[in-house]
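Trainee: Could you take me slowly through the aromatic side chains of this model, looking closely at how their rings pair up? I would like to begin with the chain as a whole and then move to the rings.

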Number of protein chains: 2
Amino acid sequence: MNWNTRFSDAASRIADADAVIGILKLAEQPGIISLAGGLPDPRVFRIEETQEAMAEVLRDHGPEALNYSPNPGITELREFLATRMARIERIRCSPEEILVCSGGLEGIRHAFNALTNPGDPVLFEDPTYMVALQVCRELAGIPIGVSSDDAGMIPEALDDTASRLAREGRPPRVLYVGPSFQNPTGRTWSLKRRREVLEVAERHDLAVVEDHAYGELRYEGEWLPSLKSLAPERVIFVHTFSKIFGPGLRLGWVAADRNLIERLGLLKLGTDQCSSALTQRLALAYGKAGGLDAQVERAQDLYRRKRDAMIDALADFPCRTPWLRPDGGFFLWSEVDCDTEKLLLRSIERHGVAFVAGSCFFADPNSAVARVSIRLSYSYVAEDRIPEAIRRLGQALRETVGS
Amino acid sequence: MNWNTRFSDAASRIADADAVIGILKLAEQPGIISLAGGLPDPRVFRIEETQEAMAEVLRDHGPEALNYSPNPGITELREFLATRMARIERIRCSPEEILVCSGGLEGIRHAFNALTNPGDPVLFEDPTYMVALQVCRELAGIPIGVSSDDAGMIPEALDDTASRLAREGRPPRVLYVGPSFQNPTGRTWSLKRRREVLEVAERHDLAVVEDHAYGELRYEGEWLPSLKSLAPERVIFVHTFSKIFGPGLRLGWVAADRNLIERLGLLKLGTDQCSSALTQRLALAYGKAGGLDAQVERAQDLYRRKRDAMIDALADFPCRTPWLRPDGGFFLWSEVDCDTEKLLLRSIERHGVAFVAGSCFFADPNSAVARVSIRLSYSYVAEDRIPEAIRRLGQALRETVGS
C-alpha cells in the first residue's frame with residue numbers, strides 16, 4: 001500500500017513542518033554545535049528536589065497519580081496556579097478559569113480550534129512562534145503577519161491589517177502574540193505598546209491569545225504586566241511548566257473565560273482526554289515546596305550569563321541589523337546579507353554549526369526579510385562553546401555572502 | 001465579552017460531549033455507586049514497583065527525563081515496544097514504524113486527521129468507542145455505523161455499506177474497529193470474522209484502525225491474532241499503557257507504515273509536540289523490569305472475578321437481550337425495555353447508581369436500538385458493592401418501564 005497517496009489536506013498542510021524537523025535532526029548530529037533548538041539547559045533542573053517531590057507523590061497519591069485525571073486538570077493544581085498567577089503576574093482568576101494542558105502549545109491549538117473556522121484569518125506578529133503558525137495552517141486557518149519592531153507589535157499595523165481584512169469581508173477574530181521575550185526575536189513589548197495593542201484589539205473585538213512561555217525568565221529590566229492582567233476578559237493567557245520546571249512533564253495551562261475553558265476542555269477530550277495525573281501531581285508537589293521559584297531564579301542567572309557570552313562573541317559579526325539584547329528568554333535575532341536557508345546548509349555541512357533560518361517564523365516565508373533572518377538560541381549550547389560557534393557561523397556567512 | 005457567541009464549528013460539533021461529561025460528573029457524587037466510567041481498578045497498580053522504576057529513571061536519566069523527548073518517542077522505548085509486540089501479539093515492526101502518543105486516543109485522532117477530509121465518511125462498528133466518534137465529528141468527518149453482532153463486525157454489512165457509499169460518490173477510506181473486548185460491548189471478534197472483515201477492507205481499500213486498548217486483558221478463552229498481525233500493511237494498530245500500567249502516564253502508541261508514522265508525528269507537533277519524556281522513561285524502566293506482564297496477570301485475575309460477580313448479580317435482571325459474558329475487558333452490554341437516558345436519570349437521582357446510556361456509542365444516537373442500550377462497567381466499582389448496584393438498577397428499571 002502506498003500511504004503517501006492517501007493523505008488528507010490537513011496532513012499535506014502540515015508537511016512543511018517536515019523540513020524544519022529535518023534540520024533539527026541534522027543539528028543533533030555529533031560534532032555539530034547547535035544554536036537551533038529552544039531546549040532548556042539541563043543545568044537548570046533540580047533533580048534532587050524533583051526526586052523528593054516525586055517520592056512524595058507516589059507515597060501519598062500513588063493510585064490517583066496512575067489513574068485518569070479530571071479532564072480540566074487536578075483541582076488542587078488549578079488552585080495552586082490561580083494563587084501563583086495572582087502573586088507573580090497579578091492575574092486574578094479562579095480555578096474554574098484554568099485548563100491544564102499538555103504543554104502550552106496544546107492550549108494554543110484548542111484556542112485556535114475553538115475560535116476560528118477553516119479559511120478564517122488569524123493574526124500573528126511577524127515573525128512569530130513557528131509551531132503556532134503550523135497549528136493554524138493545519139487547522140486550515142490563514143495566518144496573517146502584522147508588522148512588529150523592537151518595542152512590540154505596531155498598533156497602527158494591527159489596526160490597518162484588521163481594517164483591511166474587515167473590508168474584504170473576512171474580519172479577523174483571533175490575535176496570537178508573545179509579548180515577553182518572544183520566540184524567535186527575544187523582543188519584549190513596552191508597556192505603552194501593550195496598552196495600545198489592547199485598545200486596537202478592543203476596537204476590532206479580537207480575542208487575544210497571549211503566549212507567556214518565556215515570561216518568567218526575565219533576567220534584566222523591570223517587571224511588566226501581562227496583557228491578561230491589563231485586559232482580563234479579552235485575553236486567553238497560555239503558560240507552561242516547560243521553562244519553569246521541565247518540558248519532560250508536558251504540562252502547561254490556559255487561563256481564560258470560564259465558558260471558553262469548558263469548551264477547550266471538550267476539545268481536549270479529543271487530543272489526550274486529560275493531562276498526566278502523575279506529572280500534574282509532581283508539578284504541584286514541586287511547586288508547593290518552592291521548586292518553581294527556586295528554579296526560575298537559577299535559570300535567570302544561567303541564561304543571563306549565556307546571553308552575555310553570545311552577545312560578546314557577536315561583537316564583530318557582520319549582520320545587517322544589530323542584535324537585540326533581550327531582557328529574558330532564549331533567543332537572539334537578526335538579519336544578514338544572504339539567504340539564511342543557504343547559510344544554514346553551509347553552516348551545518350562545512351562548519352559544524354546549526355541555527356534556525358528565519359523563514360519558518362513568518363506568515364509569508366518567502367518575503368525578503370524572512371529569507372535573510374536568523375535565530376540563534378543560547379539556551380542549550382554549552383557556555384564555553386559559544387565563541388567557537390559564533391566564529392564558525394561568521395566564517396560560513398562570509399563564504400555564503402561571497403559565493 | 002460573550003464567548004459563547006464566538007465558538008467555531010468544531011467547538012460546536014464537540015459540544016454534545018458535554019452531556020456525557022455532565023453525567024460522568026454526576027456519577028462521581030458521594031453516595032452514587034458508579035458503573036459508568038471505564039477506569040482501571042487502582043488495585044491493579046503496583047505502586048512499589050512504580051516507585052522503584054521512577055527512582056531509577058530520575059537517578060540514571062534525570063536531565064533527559066525532564067527535557068523534550070524526540071517527537072516520535074524515545075528510541076529505546078520504541079525498540080522495547082517493537083520487541084514486546086513481537087512476543088505478545090506476533091506483530092513484526094521496526095521502531096521506525098512506531099509513534100509514541102499521549103494515550104491511544106491521540107493516535108486515533110491523528111490517524112483520522114491524516115487520512116480523512118471534512119465531510120468524508122468514516123466507518124465504525126455499531127456501537128463503538130464514544131470518544132473515537134467524537135473525534136471524528138470534531139474533525140467534521142461523518143461517522144457511519146456498520147452492523148455488528150456478538151461475533152464482531154458483520155462482513156456483509158461492511159461490504160454493503162462501503163458499496164453504497166461508493167455508489168453515492170463518497171467511498172470510505174477509513175474503518176475504525178475494536179476487535180478485542182470492545183468498548184462498549186465487551187465483544188471479541190472470532191478469527192473467521194477477523195479474516196472476512198479484512199478481506200472486505202482489502203476489496204474496498206480501507207485503512208483499518210485497530211484499537212487494541214483492552215487487548216491484553218483476556219482472562220478467559222484462547223488468544224486470537226490481532227488484525228495487525230493478519231494484515232500488517234493495511235492496519236494501523238493503536239495500543240495504550242492505560243490498561244497495562246496506568247492512564248496517569250498518558251501514554252499509548254501506534255504501529256503502522258513508516259510514511260504514515262512520520263506524518264502522524266508531524267500532526268503530533270500540533271497537539272503536544274512530543275509525549276512526556278518522564279513518563280516514557282518510567283514506562284520503559286517498569287516494562288524492562290517485567291512490570292507490565294506482572295500487572296496484566298494481576299489485572300486478569302481481578303477483572304475476571306468482578307465480571308463473574310456482576311454476571312451473577314444480573315441473573316434475574318429483566319433485560320431484552322442476554323448479557324454477553326466477555327472474555328476480557330471492562331464492560332457488559334445489553335438492551336432493556338425503556339429509554340436508557342430516562343433510566344439513567346432515575347437511577348442517579350432516586351437510586352444512587354450510575355451507568356452509561358447506550359446512545360452515545362452509536363453513529364446514529366437516535367436509532368431505536370441506541371435508545372434502549374446500556375453499558376455497565378465492572379472495572380472500577382468495589383466488588384462487594386456490585387450486588388447492591390445491580391439491585392438498585394433493577395429497581396430503577398422496573399420503575400422506568402412501569403412509568
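Mentor: Let us begin with the overall form of chain A in this predicted model. For 403 residues, a compact globule would have a radius of gyration near 22 Å, and chain A, with 21 Å, agrees with that expectation. Measured out along its principal axes, the C-alpha trace of chain A spans about 60 × 60 × 55 Å, and the chain holds 15 helices and 13 strands. Of the 403 residues in chain A, 64% are buried, and among its contacts with a separation of 6 or more, 75% are between residues that stand 24 or more positions apart.

With that setting in mind, we can turn to the rings. Two rings count as a pair if their centres lie within 6.5 Å, and by this rule there are 24 aromatic pairs over all chains. One of them joins B:Tyr303 and B:Phe330, whose ring centres are 4.8 Å apart; the planes meet at 55 degrees, so the pair is tilted, since tilted covers what is neither under 30 degrees, which is stacked, nor over 60, which is edge-to-face. This pair links distant parts of chain B, for B:Tyr303 belongs to helix α12, residues 291-313, while B:Phe330 sits in the loop between α12 and β10, 27 residues apart from its partner. Because buried means under 20% relative accessible area, B:Tyr303 counts as buried at 1%, and B:Phe330 is likewise buried, with a relative accessible area of 1%.

A further tilted pair in chain B is formed by B:Trp333 and B:Phe362, with 6.1 Å from centre to centre and 35 degrees between the planes. Here B:Trp333 lies in strand β10 and B:Phe362 in the loop between β12 and α14, so the pair ties together parts that are 29 residues apart in sequence. As for their surroundings, B:Trp333 has a relative accessible area of 9% and is therefore buried, and B:Phe362, with 4%, is buried too.

Finally, if we return to chain A, we find that ring pairs can also join into a group, for they link A:Tyr214, A:Tyr303, A:Phe330 and A:Phe331 into a cluster.

Key
Residues numbered from 1 in each chain as written. Chains lettered and ligands numbered in written order. Predicted model: local features only at pLDDT ≥ 70, side-chain atom pairs only at ≥ 80, totals over all residues. Heavy atoms only, no water. Helix = DSSP H or I, 4+ residues; strand = E, 2+ residues; numbered from the N terminus. Rg over C-alpha atoms; globule rule 2.2 N^0.38 Å. Buried < 20%, exposed > 50% of the residue type's maximum accessible area, 1.4 Å probe, protein only. Contact = heavy atoms within 4.5 Å. Phe/Tyr/Trp six-rings, centres within 6.5 Å; stacked < 30°, edge-to-face > 60°.
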